[in-house]
Amino acid sequence: MAKRPATAKKTLSAANLKALGADRLADLLMEMAGEDAGWKRRLRMELAAEVGAADLALEIDKRLNTLATSRAKVSWRKRPELISDLWTVRRIIVDRLAVMDARLGLDRLVAWFDLYPGLSARVKDPKGELATMFDAASADLAAVGALAGVEVAAPVFVEALSTRLSEWASWVGRGAAGMEPELARAVLMGITDGKPRPTGRLALVVRKLADRSGDLDAWVASLPDEDRTKPEIGAEVARRLAEAGRAAEARAALEASRPVVRETSRWGRREPEPPPPPPESWLAAEVAVLEAEGDQKGASDARWMLFERTLAEAPLRAEIAKLPDFEDVVALDRAFAHAAAYPDATAGLRFLMNWPALREAGEMVVARAGEIRGSADEVPLWASRLEGRNPQAALALIRSRAVALTRLALGSGGDEVQQLVQQAQALSDQVGDEGQEGFLLALEEAGRPVRRGWR
């Protein structure tokens, strides 16, 4: 058997450290503990964990109490050390104590979060690193809450939200997505049942918990009445109600948020203005409401309206999927023709390339080459995909890209533009195009000297 290389033995790894033996490792850890207070506390906690959950909880309480009662200011130089200390305590709570005794772990985790107000007042933290760390720990609330169970965790979270809302609204709101639905439902009931309609930060928490628990009525009730008349918000309410099969309520929510005629004052007279077009989300919600009402013809018309306005793929694919054979072909031809004639040529080409409808895309490029924005990031990819099928279209895209980069002063050292010039020359020779000289002149007029005669 080949001998293990000496360098492998010197690599810092768990296997190699085990080879040192327990006595040597213990000596090294004691040496570290004597030089580093943080390591000394960590080792004490690990030893306490070997004794039992109660002993570990006592060691954690000592550190939490020290952090909570200290009034010393923490400079930016000391901030990383403090954040490391907090991170270590949190991991001990979550990974060790909560696994051993979930109730004790949850109580200490809540106490850990409650350190934040005092710390934020005495820690110099211009980059917000402390707040970021506490926000990132929000997922632990859901994890430890699941270990503790609904009957233990729900009252703890309800009490925190009821007495310390300004901080806990953010943490519970962030952690709600990972909560067990039963826990989210219990916390939601605890902060809403028999209480006034939620507002402000509490309303935001209610929406997060309602989302997780599937309580649509609580979600809707948390929205201010005036917000429900806004098209984007009303559309979301209508969509959710429609998907829940509550068509009449969905229609009412949609109509309440329909954009309305506005009045403007001109020379002392008030004149009506046409309503603004509804946003895409409102049109999509209208499709959902019409389907919930059983109006398939209306839903089809609404999907077409949404697609023709936005070139969104989702409503078109949904429409095509509902059509019988041959009718779907006719519908696709209609959609491709609309995209090819779309006012924003680049958006129309993007749709055709993404579908994909490469034949129609190539024809569109040739017909509307001067309208394509060469600065679009996808242009090189589009050109490469069209080169084999329609080299004339690829040539037009390459030239458009080169001109756009030149005008925008992009392309490091001219290398990219020169490469595009070479590609354009090769394609120009291939298709017998006579516009290469005009293309080079356009580049030079835009301030980019180019090499002619490349082969």
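Are Arg303 and Glu319 buried or exposed? Both residues are buried, where buried denotes under 20% relative accessible area, exposed over 50% and partly exposed the range in between (1.4 Å probe, protein chains only). The model is predicted, so that local features require pLDDT of at least 70 and side-chain atom pairs pLDDT 80 or more, whereas totals for chains, interfaces and linings use all residues. Residues are numbered from 1 along each chain as its sequence is written, and side-chain values use heavy atoms, with hydrogens and water left out.

**Figure 1. The salt bridge between Arg303 and Glu319.** The closest N and O atoms of Arg303 and Glu319 are 2.8 Å apart; a salt bridge is a side-chain nitrogen of Lys or Arg within 4 Å of a carboxyl oxygen of Asp or Glu. The pair connects distant parts of the chain, with Arg303 in helix α19 (residues 296–310) and Glu319 in helix α20, 16 residues apart. Helices (H or I, at least four residues) and strands (E, at least two) are DSSP runs, numbered from the N terminus. Elsewhere, Asp211, Glu236, Arg239, Arg240 and Glu243 are joined into one network by salt bridges that share partners. The whole structure holds 37 salt bridges.

**Figure 2. The salt bridge between Arg90 and Asp140.** The closest N and O atoms of this pair lie 2.7 Å apart. Arg90 belongs to helix α6 (residues 79–100) and Asp140 to helix α10 (residues 138–148), so that distant parts of the chain, 50 residues apart, are linked. Arg90 is buried, with a relative accessible area of 9%. Asp140 is likewise buried, its relative accessible area being 9%.

**Figure 3. The salt bridge between Lys322 and Glu291.** The two side chains meet at 3.7 Å, N to O. Because Lys322 is in the loop between α20 (313–321) and α21 (327–340) and Glu291 is in helix α18 (residues 280–292), the pair ties together parts that are 31 residues apart in sequence. Lys322 is partly exposed, at 48% relative accessibility. Glu291 also counts as partly exposed, at 31% relative accessibility.

**Figure 4. The packing of helices α25 and α26.** Two packed helices are described by the angle between their axes and the distance between the axes. The axes of α25 (residues 391–407) and α26 come within 9 Å and cross at roughly 155°; axes are lines fitted to C-alpha atoms, for helices over the stretch in contact, and angles run from 0 to 180 degrees between N-to-C directions. α25 is therefore roughly antiparallel to α26, since angles over 145 degrees count as roughly antiparallel, those under 35 as roughly parallel, 65 to 115 as roughly perpendicular and the rest as oblique. α25 passes α26 in a left-handed crossing, that is, one in which the near helix is turned anticlockwise from the far one by less than a right angle, a clockwise turn being right-handed. Residues of α25 that meet α26 include Leu395, Ile398, Arg399, Ala402 and Leu405; among the residues of α26 in this contact are Leu420, Ala424, Leu427 and Ser428. The residues of the contact divide into 11 nonpolar, five polar and three charged, with Ala, Val, Leu, Ile, Met, Phe, Trp, Tyr, Cys and Pro counted as nonpolar, Asp, Glu, Lys and Arg as charged, and the others, Gly among them, as polar.

**Figure 5. The surroundings of Ser428 in helix α26 (residues 415–431).** Ser428 is buried, with a relative accessible area of 3%. Apart from neighbours within four places in sequence, Ser428 is in contact with Leu395, Arg399, Asp433 and Gln436, contact meaning heavy atoms within 4.5 Å.

**Figure 6. The surroundings of Leu183 in helix α13 (residues 181–192).** Leu183 is buried, at 2% relative accessibility. Not counting residues up to four places away in sequence, Leu183 touches Gly145, Val150, Ala153, Ala154 and Phe157. Leu183 and Ala142 are 41 residues apart in sequence, and their C-alpha atoms are 8.7 Å apart in space.

**Figure 7. Backbone geometry at Leu311, Phe326 and Pro356.** Most residues other than glycine have a negative phi, and most peptide bonds are trans. Leu311, in the loop between α19 and α20, has a positive phi near 60° and is buried at 8% relative accessibility. Phe326, in the loop between α20 and α21, has a positive phi of about 75° and is exposed, with a relative accessible area of 69%. The peptide bond from Trp355 to Pro356 is cis, with omega near 5°; Pro356 is in the loop between α22 (345–354) and α23 (358–367).
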